[in-house]
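Colleague: I am new to this structure and would be grateful for a close look at chain A. Please then set it beside its partner chain.

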Amino acid sequence: MTEPEGYQSREQAARRSRKLRDLALMLPICGAIAFVSPVLDAFESANADIAHKVVYVFGCWIVLIVCAFVLSRALRAEIRDK
Amino acid sequence: MTLSFNVLLTVSLVYVGILFAVAAISERRANRGEWAFLRSPVIYTLSISVYCTAWTFYGAVGSAARGGLDFVAIYLGPTLVFIGWWWLLRKLVRVGRKQRITSIADLISSRFGKSGGLAVIVTILAVVGTTPYIALQLQSLTLSFSVFTADMENAPAPALTAMWIAMGMALFTIIFGTRNIDANERHYGVVTAIALEAIVKLLALLSVGIFVVWGVAEGPADIFSRMDPQAFQTHHLFSPRWTTLVFLSATAIICLPRMFQVVVVESSAERHLATASWAFPLYLFLMSLFVMPIAIAGLDILPEGSNPDLFVLTVPLAAERESLALFAFLGGFSSATSMVIVAAIALSTMVSNHMVLPAWLYLSKNRNSETEDVRRLLLRSRRLSIAGILALGYFYYIFTGGLDALASIGLIAFLGVAQVLPALLGGLFWKNATRVGAMAGIVSGFIVWLYTLLLPSFEGEFLLNDATLEFGLFNLGALRPYALFGSSIADPLVHATAWSLGINTILFIGVSLFTVPSAIERLQAVQFVNVFDRSISSRTFSRSATAEELLVLAQRILGRDEAFRLFETEAEAQGKAGVLPEPTNDFIASLERKFSGSVGAATAHAMINQITSGEAVSVEELIAVADETAQIMEYSARLESQSKALAETAQQLTQANEQLKALGDQKDEFLSQVSHELRTPMTSVRSFSEILRDTRELDEDRLRNFSAIIHDESIRLTRLLDEILDLSFLESGKVQINLAQVRLQEVAERAVQSTQTMAEQAGTLVVLEPSLARFTLRSDFDRLAQILINLLGNAIKYGSGSDPEVHVSARKRRAEVLIDVSDNGPGIPKEAENRIFEKFARLAQGNSSGSAGLGLAISREIAKNLGGDLVYVRSRTGSIFRIRLPLAER
């Protein structure tokens, strides 16, 4: 009985680590979409107020940092130094 | 400005003293092996902040005052690279650690077949790209000094200030940056001092920012309301220039020599990257948080025409906060010095490893240079290079003397080192990239960069004159530096980026596709691209050298003690006495890696090859390297193993079939045997009972005799049927086994009792050895006795000869008890050994004794049911039957 369970949990762990890696790839892509794409201009259409832009850029930035923090906690377990 | 120059000087000198002390203390702690703090991810992250130079410290505010949010792009690029650490930086750091990479030039050279030429090219590129950057730091430092000395009459000339600063930094770098020549052994002193400087510059900028927002203005809303809408002309953020800035800054965080130094070379553990992945973007975020408010405040309160690049200093000074201004000055000082120090270390490593050392090796080729110490040469050349690089930066500063706004030179440098990027990424992810391709890409990109960006930045003063700038080289319109081939990109930076990196990438890929990599290139390509693949062992070339020669070389590069220690360890690992190990290929390869940590991959490879004979690549190695071939080989190997498995299965099936057939035959034979065995007693019973029935007058004796025969025969029949029944139960495993603690001695005594009459009749002596008394088993008493009775019976029956004797003994072997029943009879003929355990196997025809020949078969089945076995052991003195039984578990 224990063997299928062990197998299942291994399978789950593998799936989790695959998801984490995919997320690690997604994060810089999301960042690039937020910062280096026309999305950037969508926020300054009507009244071109610089304060709005500042809030948008810094807001996205801090969200990315928080995501990176959460992700790095999870990914750290996958690193085996030596 | 009431702050006296003397106070400024004193504070600076004290600060420098603190930096020296911190560096010295960390070096001492590192020497004592107290790593914990020095190797923490916090120190690592802070050291990466050498990215924030004086250019960003002062220049970001200037840039914000001139162009609004554009300055953020310089921080967003590194942010994207760091949050994507898992895909690029991790691989870079892993490769750097595995290959003991000492610099970016070393990385490129090592990847493309340890090419010395590529290393030189990248080194030149790095020096050309970094020198203006160092000049920029000197300029910003003297500028910030001049803010405080503007009203003074006896103020020192900027050139003099710059010289003192350059000399001070050279001294610091030489003292703490050239402690050891192994660039892979981290510079703990330098790194810790830089971490301290990182904290100072962050706190300084935050303090000024907080002061501006809540001291000068009344909160964030107030600051933004003071903004002059005219000053911050809003244009679309997303523009070619913005994209270029993000891209170049992302490139710079990997390709700048100083960034490569702190991120890859000085990294002590991969998991530090996990922390830096969010902590470094956070650092950048904090560094840029107050840039806009400071710029707005500067434009608001300072007189028109003030240099926005100095707002960080002048805003607090205008508000008469001298101590805050002083703190800000220290922040800028930290930014400049940390950049210059790390850049000088990185460049000096490159120059001495890739230029000075190879040149010296070449020049000393004809001399007897075997005994010369490479270490001393290397240290001296590193120190000289540091001084030389700082001198170069200083003269550059004197020569260009404050030409542009600070920021433009920084970006020019970014694009210069970005020329390495295609070769770097290709090297990490594309196995077919070749050395020639990398060279073509880097050189072409370098030339285009020089022509379209660096040389024009001198505004006609150097090499390119005004006419060339305006009308193109040789008056060819297609060669106008700012409009190459008639392209109409307004921004020179975007223009130069597109052309230089475009041509670079196309040539890199194109030439790579049309050239064939050498064996060593392929070898390194696999090592780099598949660095996470555990199955890729470090393949090595077959080279041969004597251990003595290797030791001499190792002493020259690593020093006497280290070399001996290394060789002794290896000799010990090989199990050899003495100092000198066998110079195996693996050992030579590991030595080469060790050397490359000191002198770079290309030089290490060349030096080893000088003393080894024949860099032969065997066929297997080539096959392993060539990818497609390897895949085909692997596929065919897999096919082979599959077909082998199929053949095995087929053979097993044939065997099973044969066994089945044999079983069927056995069954038939068994049936005929049984009927035969039953028939014999039946016949006699029938005939004697017929006599009894038909003969009227039988005397008493004969009557008793005949009925005794009938009785005996029916007993024999019953026994035979019992035995057959017993055997079938035993074979099917349905038999009941009553396990209990059984003393072997008692079992044997019972068996002797049962066979006593037989033994007396045959005159056989049965001896129970004392060893039997030592064993107690968990077994079935009656069944065990049954085996022994059977064996004793056989031994007595067949052990003919004079003075027949039977011995029963026991001994332990591993977890088993071996009980031997041995006689001194004639033994069993060799050809019959296999048959004795078969059913109805009676060997000697004449020696029939009324048994059906099932005894041994039954005994063996019992032994198997008891968890053991019964075997026949051939012996010269008779036959031995051995019962193997498991020992009782305690």
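Modeller: Of the 82 residues of chain A, 20% count as buried, a term for residues with 20 or more other C-beta atoms within 10 Å of their own (12 or fewer is exposed, anything between is partly exposed, and C-beta atoms are placed from the backbone). The model is predicted: local features need pLDDT of at least 70 and side-chain atom pairs count only at pLDDT 80 or more, while totals for chains, interfaces and linings use all residues. Residues are numbered from 1 along each chain as its sequence is written, and chains are lettered from A and ligands numbered from 1 in the order in which they are written.

Chain A contains three helices and zero strands, where helices (H or I, at least four residues) and strands (E, at least two) are DSSP runs numbered from the N terminus. Its elements therefore read α-α-α from the N terminus on. The mean pLDDT (the predictor's confidence in each residue, from 0 to 100) of chain A is 77, with 79% of its residues at 70 or more. Within chain A, helix α2 (residues 39-42) has the lowest confidence, a mean of 74, and helix α3 (residues 50-76) the highest, at 86.

Chain A meets chain B through 30 of its residues, which are in contact with 30 residues of chain B; contact requires C-beta atoms, placed from the backbone, within 7 Å. On the side of chain A that touches chain B, the elements giving two or more residues are α1 (2-35), α2 and α3 of chain A. The greatest contribution to that side comes from α3(A), with 14 residues. By class, that side of chain A holds 22 nonpolar, three polar and five charged residues; Ala, Val, Leu, Ile, Met, Phe, Trp, Tyr, Cys and Pro count as nonpolar, Asp, Glu, Lys and Arg as charged, and the others, Gly among them, as polar.

The partner may now be described. Chain B has 34 helices and eleven strands, and 45% of its 890 residues are buried. Among the contacts in chain B with a separation of 6 or more, 79% join residues 24 or more positions apart.

One helix of chain B illustrates burial. Nine of the eleven residues of helix α34 (residues 855-865) of chain B are buried, so this helix is largely enclosed by the rest of the structure. What covers those buried residues includes α30 (700-732), α33 (781-798), β10 (869-875) and β11 (878-886) of chain B. After α34(B) comes G867(B), with a positive phi near 90°.

A helix pair in chain B shows packing. Helix α9 (residues 188-216) of chain B and helix α13 (residues 271-289) of chain B cross at roughly 35°, their axes coming within 8 Å; axes are lines fitted to C-alpha atoms, for helices over the stretch in contact, and angles run from 0 to 180 degrees between N-to-C directions. L202(B), L205(B), L206(B) and G209(B) of α9(B) make this contact with Y283(B), L286(B), M287(B) and L289(B) of α13(B). The residues of this contact comprise seven nonpolar, one polar and no charged.

Key:
Contact = placed C-beta atoms within 7 Å.
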